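Hi,

Here is the structure I promised to pass on. Have a look at it first, and my notes on what turned up follow underneath.

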Amino acid sequence: MAMNDYILTLSCPDRIGIVHNVTGWLLDQGGNIIDAQQFGDLETQRFFLRVHFALPGPADIAALQASFASVAEDFGMDAHIYDAARKARLLILVSRQGHCLNDLLFRQHSGQLPVEIAGIASNHNDYAGMAHSYGIPFHHLPVNADTREAQEQQILNIVSRENIDLVVLARYMQILSSTLCKALSGKAINIHHSFLPSFKGARPYHQAHARGVKIIGATAHYVTADLDEGPIIEQDIERVDHAMSTTDLTQVGSDVESQVLARAVRWHVEHRILLNGQRTVVFR
């Protein structure tokens, strides 16, 4: 009989017997563990586990979740089971800097990123042609102070209508309202340069060049109402020097941003990220 793959993620107060009971449940289901990663946080006294397992024949996710409920309840677990073969559906938000969008589209199209990009939305029309070249619906959603609430409702309508699993802010240069942040809690990822809070506002790479910075980086994090302060998923840096122009710095920064965002998106859709308060546990 053909085997089908699933992923179980959980977090709970750390205590004896967690792994024993989880593996016992898997044995009762006839499951085979393909990969398992765990972490016990000594500071928070919480335990985190990701198990990639296979079952004979197709299984109903809701039925699996219900079957595991007794184990989860006994240990106070926040537990979820996913179909490993199902591709997450993404909505990408972008403004006028398209390097992250272009990178995600290429990775998805070439099979490097296991997702379905269900739509691209922007407050500008700059990347309508790029979206159409990939056969992806493009939503032009212009916004100003008077129309922000209605525009954000349009975003939520797309999320609902297209069954979006993850919203990716690929250099979307609009501040989201607390209402939208709450509605997208845990399923929206943002990317920004690492100069914050030192170089805010427009032309941060020009500001950095003027100050003679030696390191350029990027941060990917979950979106919260606290601007650019959500739980960090991934960061990276590149060294730069005095011989580099602002154009050089911007190019280096764009490359780092694209790579960091792509890794964060991959880890999210592969269910490798678990929240640990304001931090994340990432099983790579």
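Starting with the records: an unreviewed UniProt entry has the annotation "domain: ACT" over residues 7-89. Keep in mind as you read that this is a predicted model. Over residues 7-89 the chain comes out as 31% helix and 43% strand, and the C-alpha atoms at the two ends of that stretch are 17 Å apart.

The domain split puts domain 1 at 4-83 and domain 2 at 89-282. Taken over C-alpha atoms, the centres of domain 1 and domain 2 are separated by 31 Å. As for how they meet, 13 residues of domain 1 are in contact with eight residues of domain 2.

One residue I looked at in the first part is Ala79, which sits in strand E4 (residues 78-83). Is Ala79 buried or exposed? Ala79 counts as buried because its relative accessible area is 11%, under the 20% cut-off. Leaving out residues up to four places away in sequence, Ala79 touches Leu8, Thr9, Leu10, Gln65, Phe68 and Ala72. His268 is 189 residues away from Ala79 along the chain, and their C-alpha atoms are 15 Å apart.

Now for the sheet. There is an open one of seven strands with mixed pairing, in the order E7-E6-E5-E8-E9-E10-E11. Strand E7 (138-140) and E11 are its edges, each pairing on one side only. On average, neighbouring strands here are turned by 20 degrees against each other, direction ignored.

Two of the pairings in detail:

- E8 and E9 run parallel and are joined by three bridges; Val168 has Ile189 in E9 as its bridge partner.
- E10 and E11 run antiparallel, with seven bridges between them; Thr219 stands opposite Gln235 in E11.

Strand E9 (residues 188-193) deserves a look on your screen. Six of its six residues are buried, and both faces are covered. Ala188, Asn190 and His192 make up one side, with Ile189, Ile191 and His193 on the other.

Two helices are worth checking against the sheet. Helix H5 (residues 148-161) lies across strand E5 (88-94), E7 and strand E8 (166-169), and H5 runs at about 160 degrees to E5. Helix H3 (residues 99-109) has His99, Cys100, Leu101, Asp103, Leu104 and Leu105 as its buried residues. What covers those H3 residues includes strands E5, E6 (115-122), E8 and E9, along with helix H4 (128-133) and helix H8 (246-269). Just after H3, Gly111 takes a positive phi of about 85 degrees.

Last, the annotated site. Which residue does the UniProt annotation "active site" cover? According to the unreviewed entry, that residue is Asp228. Asp228 lies in the loop between strand E10 (215-222) and strand E11 (232-239). With a relative accessible area of 29%, Asp228 is partly exposed. Its side chain makes a polar contact of 3.3 Å with the side chain of Asn190, and Asn190 is one of the buried residues of E9. That contact links the annotated loop residue to E9, so it may be a handy place to begin when you open the model.

Cheers

Definitions and conventions: Residues numbered from 1 in each chain as written. Predicted model: local features only at pLDDT ≥ 70, side-chain atom pairs only at ≥ 80, totals over all residues. Heavy atoms only, no water. UniProt positions renumbered as here; feature names shortened; annotations may be inferred. Helix = DSSP H or I, 4+ residues; strand = E, 2+ residues; numbered from the N terminus. Buried < 20%, exposed > 50% of the residue type's maximum accessible area, 1.4 Å probe, protein only. Polar contact = N/O pair within 3.5 Å; in protein donor to acceptor, adjacent residues only side chain to side chain. Pairing = 2+ DSSP bridges. Axes fitted to C-alpha atoms, helices over the stretch in contact; angles between N-to-C directions. Contact = heavy atoms within 4.5 Å. Domains from an automatic or database assignment.
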